[in-house]
Amino acid sequence: MLDINKIENDFEKICLDLSKRNKNFKKEMDEILKLNQLRKKITFEVEELKSQKNKISKDIGVFIKDNNQKEVEKLKNTISEISIKIEKLDANLKEVKDDLNLKLSYIPNIPNENIPLGKDDEENVEIKKWSSKELKVGGEAHWEIASKLGLVDFELGSKLSGSRFVVYTDKGAKMIRALTDVLITRHTQNGYKEMWLPLIVNKENMYGTGQLPKFEEDAYKIEEQYLIPTSEVPLTNTVRDKILDKKDLPLYLTSFTQCFRKEAGSAGRDTKGMIRLHQFNKVEMVKITDSNSSYEELEKMLLDAENCLQLFNLPYRVVELCGGDIGFSSAKTYDLEVWFPNQNKYREISSCSNCLDFQARRIMARYKTDEGKNEYVHTLNGSGLAVDRLFAAIIENYYDGEKLIIPDILRPYFNNLEFIK
C-alpha cells in the first residue's frame, strides 16, 4: 500500500509514475486525496470536541467545589450533547477511513523510475541470454512426450479434479520430488532458511501481499480462508506485525509448496500441458531487507534463480518487465524465461520482484534503524523455480525422439540411470 502522506506531498509525480503502468490513475488518486482531506477534517473536529469536553469536565469540578449544582447539571447536559456529536463523527470517520483504505488497496506499487515503458509482455526488455549449447528447435510437445513415457496421466487428472489438473506417475512423480529437493538444497546452500508452511491462509495474509482485494477471482476460497496462490504469501507474512533488528537483516526464506490458482483471466491459454495449471508445484524465495539494500538483493536473487536453471543446463533468457506488464505489488521485476523447443520460444519459469515497502505497510513489518527509529522493511520474492514448468522444459530439451536423457544432477535420484525410455 502506498503512503498516503507521500501521495499528498508529491501527488503529481506519483500520478505520473503510476502512469508508467500503461494506465491513468488520476481519477482514483483524486478520490483518495479528497477522502484523506475529509478524514483529516473529521479528525480535527473530533479532537476539538474532545478538547471542549475535557475543559468542561474540569469546569464541572470547580462548580462541584463551589456547590453550584445548577451549573453542574447544565455542563453535564452540554457534555452529553458533545458526546453524541463525537459518537456520530467517529462513526462517520470509520466509514471514511474504510473507504480510503479500500481505494488505496486497489492502487498498485509505484514502478522503479527506470522501468522500461511498454504496454504488455511484448515490450519487455531482454537483459541477457544463457546457453551452453546450440538451441534445440522443434520436436514433440512436453505433454506428448510425458504421456508416451508414462510420466504424466492427463486424463486421470481431469477425471479426478477437472481440466488443468495432472497426475504424475512412476518416474514422473519421482522426478517432481527430485526437482524440488535439488532446488531447496541449492537455496539452503545459498543461505536461505527452509520453511514448511500451511497451504491455507487467512484473508489478512492474502491482503498483506496484495492478492486481495484486486485478484480475489483468481483465488480458491474455503469459507473465510484461501488456498495459497504462491508461498510468497505465508513466507512474507512470517514477519507480520514484527519490529526486527537491523542486524538480523536481510532474512532469506525458501519453501516448497503446492499452489492453487483459478487462472480466471487466462481462458483459452495454455490449456494443454504443464504451463498453466490450477494446482502446481513451486519453490519460492523471499527476502526481507532494510530500505537501502533491496535492489542489490534483487540482483542476487536473480542470480540464485539463474543458477537453478544452469544446474539443469537449460537455455534461458532474462527480461526486465515493462510498466504495462509488471505485477501489482512490484516496483521492479525480472523474468527468467526457459527455452521450449516445441514452441520455439522462451517461456516464463521465474519472476524475481522487489516490492520495496509496499507489502510491509500492509502487514506492518518494520525494523529498528541504527538511530533507533522504526522503518518499514522491504520485501522481495522470486520463483526458484516453477517446478512443473521446469519438468516440462527438461522433457522437451532432453528428449531425443526415443528416450529422455536424465540431466546429470538428477541421476543420483534414479540409481544413476542415464535415460527413461
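Leaving aside its neighbours within four places in sequence, which residues is Asn397 in contact with? The close-up views below, taken from a predicted model, begin with this residue.

**View 1. Asn397 in helix H12.** Helix H12 spans residues 387-398 and holds Asn397. Beyond its neighbours within four places in sequence, Asn397 is in contact with Lys136, Leu314, Pro315, Trp339 and Pro341. One of these, Trp339, offers its backbone oxygen to the side chain of Asn397 at 2.9 Å. Asn397 counts as buried because its relative accessibility is 13%, under the 20% limit.

**View 2. Asn381 in strand E16.** Strand E16 covers residues 378-386, and Asn381 lies in this strand. An unreviewed UniProt entry lists Asn381 under "binding site", together with Thr230, Ser231, Glu232, Arg261, Glu284 and Ser383. Two of the listed residues, Glu232 and Glu284, are among those that Asn381 touches. With Glu232 there is a polar contact between the two side chains, at 3.4 Å. Other residues touched by Asn381 include Met285, Val286, Met301 and Cys352. Asn381 has a relative accessibility of 10%, so this residue counts as buried.

**View 3. Arg261 in a loop between two strands.** The loop holding Arg261 runs between strand E9 (251-260) and strand E10 (279-289). Arg261 also appears in the "binding site" list of the unreviewed UniProt entry. Its side chain reaches the backbone oxygen of Pro229 at 3.1 Å. Arg261 touches Thr230 as well, along with residues including Asp218, Tyr220, Leu277 and Phe280. Is Arg261 buried or exposed? Arg261 is partly exposed, because its relative accessible area is 30%, which falls between the limits of 20% and 50%.

Methods. Residues numbered from 1 in each chain as written. Predicted model: local features only at pLDDT ≥ 70, side-chain atom pairs only at ≥ 80, totals over all residues. Heavy atoms only, no water. UniProt positions renumbered as here; feature names shortened; annotations may be inferred. Helix = DSSP H or I, 4+ residues; strand = E, 2+ residues; numbered from the N terminus. Buried < 20%, exposed > 50% of the residue type's maximum accessible area, 1.4 Å probe, protein only. Contact = heavy atoms within 4.5 Å. Polar contact = N/O pair within 3.5 Å; in protein donor to acceptor, adjacent residues only side chain to side chain.
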